[in-house]
Amino acid sequence: MKILVINCGSSSLKFQLIDSDSEQVICKGLCERIGIDGSQISYTPAGKDKVTVVTPMPDHNKAIELVIEALTNKDNGVVSSLSEIGAVGHRIVHGGEKFTKSVVITEEVIKAIEEVSDLAPLHNPANLIGIRACQKVMPGVPMVAVFDTAFHQTMPQDAYLYGLPYSYYEKYGIRRYGFHGTSHSYVSKRAVELLGKDAKDLKLIVCHLGNGASISAVDGGKCVDTSMGLTPLEGLIMGTRSGDIDPSVVEFIMKKENSTVADVTNLLNKKSGVFGLSDDLSSDFRDLEEGYNNGHAGARRAVDAFVYRVVKYIGSYTAAMGGVDAICFTAGVGENSGFVRKLICDRLGFIGAKIDVEANKVRGEEKTISTPDSKVTLLVVPTNEELAIARDTVALCK
Ligand code: ADP
């Protein structure tokens, strides 16, 4: 079966067509600047060159039409007709407490996603627009919703409650939800396979270090804690997001700068993290590594703080689980930056983890990067959220 995976944002739409039998990507692409001047679709059919078409895209319906046209066109299309697409899998950012796993999309599911949209006001409405646009262009094709939050729903109350009046949880659902769940789920399951043990016997820590970064503790195959919270702002220091701060900082900055909550929220999401700490040098770890090695004070400050925060979380999750068998690195930085992985692992001697410097040269491939005598296995496991979405979609649509 061919599965179309859709990740719909407010002005962008990423897609992949995946053959569920071979699990190969048949075509992947991106619609950008939807509803804005200068919109374009770019896509790469497997084994062919990238195609870019600049064309008006007033809304997401038009974007989906263009995706279908890209997949079916005579010159560089990859399917002969729309009927070859067996199902569509949609990435949905927030499933609240309603969704603990992926589900087939029905009108009730759409309503339930709408009901939790106040928890992700920028993302869920865009995800819903993507669903509606696909339904319009591909009526009758089964669709599945895969939630970023679902994997983390197994967290115990101790881990997901904030120290707030309990009524705020009851009334408004204020709690830790966690994100990147599809990635944490995929990587932890893959790590279990690579370790050749039963999931129930393994305590894992998954470090998803990308532009957005989060870390999770997975005990016996179930998520027991994760660093992102009500929103993806909490936890690790990220590309441009602050991660954990004292909540009083918000009011303090507002008074000092005579600014609004929206201004500070924007600052914490877009101008903070390693970007802000490096004196606006960059949010990209390739630039930061270069700066670090050239003695750029801001790059050093940012990378050291980033690494320190990851190590602190690894320590706390080891304590939370009463031990750790393996630590997995994934996403852009985790998969590609041996430099960052080494800085982190060099501080993990307290749990008996030892990095193999030669093995750590790996980029973007599954590999054990710990020494044979390391007490904790260190692994690089490239994530594949689209494949995980396609797998769930097939399983539910069979
Ligand atoms: P997201 O999906 O959150 O946007 P990714 O997981 O794609 O992010 O990670 C993107 C980040 O990965 C980039 O900002 C960059 O910092 C980092 N990255 C990618 N390739 C490398 C590399 N070769 N070395 C160091 N960092 C890299």
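**View A. An open sheet of eight strands in the predicted model.** The strands follow the order 5-4-3-2-1-6-8-7, and their pairing is mixed. Strand 5 (51–54) and strand 7 (103–104) are the edge strands, each of which pairs on one side only. Strands of a sheet pair through backbone hydrogen bonds, either parallel or antiparallel.

**View B. The pairing of strand 4 with strand 5.** Strand 4 (residues 40–45) and strand 5 run antiparallel and are joined by four bridges. Within this pairing, Q40 has V54 of strand 5 as its bridge partner.

**View C. Helix 3 packed on the sheet.** Helix 3 (residues 124–137) touches strand 1 (2–8), strand 6 (85–92) and strand 8 (143–147). The direction of helix 3 makes about 165 degrees with that of strand 6.

**View D. The packing of helix 11 against helix 13.** The axes of helix 11 (residues 297–321) and helix 13 (residues 338–345) are 9 Å apart and meet at an angle of about 55 degrees. Helix 11 is therefore oblique to helix 13. The crossing of the two helices is right-handed. Helix 11 contributes V303, F306, V307, V310, V311 and I314 to the contact, and helix 13 contributes F339, V340, L343 and I344. By class, the residues of this contact comprise 10 nonpolar, no polar and no charged.

**View E. The two domains of the protein.** Domain 1 spans 2–147 and domain 2 spans 197–380. The C-alpha centres of domain 1 and domain 2 are 30 Å apart.

How values were computed: Residues are numbered from 1 along each chain as its sequence is written. This is a predicted model: local features need pLDDT of at least 70, side-chain atom pairs count only at pLDDT 80 or more; totals for chains, interfaces and linings use all residues. Side-chain values use heavy atoms; hydrogens and water are left out. Axes are lines fitted to C-alpha atoms, for helices over the stretch in contact, and angles run from 0 to 180 degrees between N-to-C directions. Angles under 35 degrees count as roughly parallel, over 145 as roughly antiparallel, 65 to 115 as roughly perpendicular and the rest as oblique. A crossing is left-handed if the near helix is turned anticlockwise from the far one by less than a right angle, and right-handed if clockwise. Contact means heavy atoms within 4.5 Å. Ala, Val, Leu, Ile, Met, Phe, Trp, Tyr, Cys and Pro count as nonpolar, Asp, Glu, Lys and Arg as charged, and the others, Gly among them, as polar. Domain bounds come from an automatic or database domain assignment. Two strands pair if DSSP finds at least two bridges between them.
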